[in-house]
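Me: I would like to learn how to read the pockets and a helix of a model, taking one feature at a time.

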Amino acid sequence: MVPSDFKALIQRFYHLQSERVETYRLFEEGHEAYLRTGPHYDFDHYRQLVHEITQAFCGISKEVLEIKGRLHDGFDRPDLSEHIEKLQNKEKEKLELTAKLQLAKQQAQDQPEDQSCQEQIQEIKHK
């Protein structure tokens, strides 16, 4: 494969990472809007948001995994492929922590007198 293909592949990877950042931003904005509907939360709209965010992350991850494979097999760059695999694992961890943080924020809103909720939020943010 030619060097311009390699450059285009790396540029596509960076673009996908930018899409992830934007998707997280939309997820956070949607969750904040959901919290504003409390105490009788509009779960139907939030569930739709989670579905759309999940679809976006799945599409991004699928394409990133394709890039990982092309780097390993097509460009003989197992080092970059391994780096992307580690990044994918970190992204999975971040998404799990984001979900935990959202639940903790709702719990803190529902139980403002419980200081442990705020502590849990800080602990998750630290991770």
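Me: Which residues line the second largest pocket?

Reply: Rolling a probe the size of a water molecule over the atoms shows where empty space is left. A pocket is an open set of points on a 1 Å grid over the protein atoms alone, where a 1.4 Å probe fits, with protein on both sides within 12 Å along at least five of seven lines, and lining residues have an atom within 4 Å of a point. Here the second largest pocket is lined by Y24, F27, E28, K94, L97, T98, L101, I124, K125 and K127. This is a predicted model, in which local features need pLDDT of at least 70 and side-chain atom pairs pLDDT 80 or more, while totals for chains, interfaces and linings use all residues. Residues are numbered from 1 along each chain as its sequence is written, and side-chain values use heavy atoms, leaving out hydrogens and water.

Me: Which element gives the most to the lining of the largest pocket?

Reply: That element is α3, with 9 residues; helices are DSSP runs of H or I with at least four residues, numbered from the N terminus.

Me: Which residues of α2 are buried?

Reply: An α-helix has 3.6 residues a turn, so residues three or four places apart point the same way. In α2, the buried residues (under 20% relative accessible area, 1.4 Å probe, protein chains only) are Y46, L49, I53, F57, I60, V64, I67 and L71. The buried residues of α2 pack against α1 (3-36) and α3 (78-110), and α2 is followed by D76, whose phi is positive, near 50°.

Terms used: Buried means under 20% relative accessible area, exposed over 50%, partly exposed in between (1.4 Å probe, protein chains only). Helices (H or I, at least four residues) and strands (E, at least two) are DSSP runs, numbered from the N terminus. Contact means heavy atoms within 4.5 Å.
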